[in-house]
Amino acid sequence: MIHTGGLHEATAGNIVWKAIDVADVDQWLALLKRMAAVDKPDWIEAREDLEHSLSSSKNNPELDTVLGVDAEGVARAFALVTRNPDSALLHGSGGVDPQWRGQGIGTALLEWQEARSAERLAEDGVTEGRLRTYVEERNASQHSLFAADGGEIVRYFTEMTRPLGEELPDVPLSEGFEFVTFSDEISDAVRQAHNDAFRDHWGSEPRDEESWLFTTSHPEFKPTWSVAVVDTSSGEIAAYQMASYDPASAERVGVREGYTELLGVRRQWRGHRLAPALLAEAMRRFATDGMDNAGLGVDTENPSGALGLYERLGYVATQRSLVFDRVITA
């Protein structure tokens, strides 16, 4: 039985609340598309993302998801909460059908997320945590909703793009290193390199084998565009770039963009210009396969100076996301 306290009062209309299951994926995806038609996000979840959220060992769909359907059985709102094992950080997501906004449903879903987050923390004896949500800055209604709920903006992330029709940067790989195209044989070594590279990055948590397999088996992941840099003297992976392509996004915005999902350099190999060399190599591979642009996202406050690096390589900002945190007391 799911915990839906307060949700029955969220709207004057006839809406029924239930946990999300695999039979609801079509309705859930249709709801996201109706929301996207109004909110114009850069990206929306694919079917595989929704299915994964229901099958991941990190979630219990019966307790960690909720779906609101109207009298005709059409999905009108949803929310879910996720949490890595032993972490005090939870992530929330959700939304309301544009035709059903303005009735208090969004506020009620935030309250449900907070209550469920507190339950999950209490289950492991954790007394305090944070519920984190990412909101595109141009989505003013969501911005206002989270601010009114007591959310604090703790970080900014910027999406960037670079036309590939312009002259591509020439950044040779330093001596003693070589590019290796991603493959199953090096997949786990890249995962471990990622966890090592991001252990000192804000908000990052280690990728376990389950979440990494989902990334590398996702239909949008492009292994032929994904590259590791190997230190030839030790055979270790010093840096990596993981890329994807979203054909649905290309249809929405009219631009085919190769996207850098993950980029990292391990601490002991920093200072060899491996990151710009990887991005230049990625651009060449994107362009060879007919992409119009190269894209990526950056933590605007990253002390490594990543934003400046990307700007020097020709990337320009397209939009910004706000990271809202709410303190949760179990």
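This note sets out points on the fold and one pocket of the structure.

1. The model is predicted: local features need pLDDT of at least 70, side-chain atom pairs count only at pLDDT 80 or more, and totals for chains, interfaces and linings use all residues. Residues are numbered from 1 along each chain as its sequence is written, and side-chain values use heavy atoms, with hydrogens and water left out.

2. The chain holds 10 helices and 12 strands (DSSP runs numbered from the N terminus: H or I of at least four residues for helices, E of at least two for strands).

3. The radius of gyration, taken over C-alpha atoms, is 21 Å, which agrees with the value near 20 Å for a compact globule of 330 residues (2.2 Å times the number of residues to the power 0.38). Along the principal axes, the C-alpha atoms fill a box of roughly 65 × 45 × 35 Å.

4. Of the 330 residues, 49% are buried (under 20% relative accessible area, 1.4 Å probe, protein chains only). Among contacts (heavy atoms within 4.5 Å) between residues at least 6 apart in sequence, 75% join residues at least 24 apart.

5. The second largest pocket (an open set of points on a 1 Å grid where a 1.4 Å probe fits, with protein on both sides within 12 Å along at least five of seven lines) has about 210 Å³ of space. Its lining (residues with an atom within 4 Å of a point) comprises 14 residues, those closest to the centre being Ile44, Glu45, Ala46, Asp246 and Ala248. Helix 1 (25-39) and helix 8 (247-253) each give two or more residues to this lining.

Key. Grid points are joined across faces, edges and corners, and a volume is the space filled by probe spheres set on the points. Buried means under 20% relative accessible area, exposed over 50%, partly exposed in between (1.4 Å probe, protein chains only).
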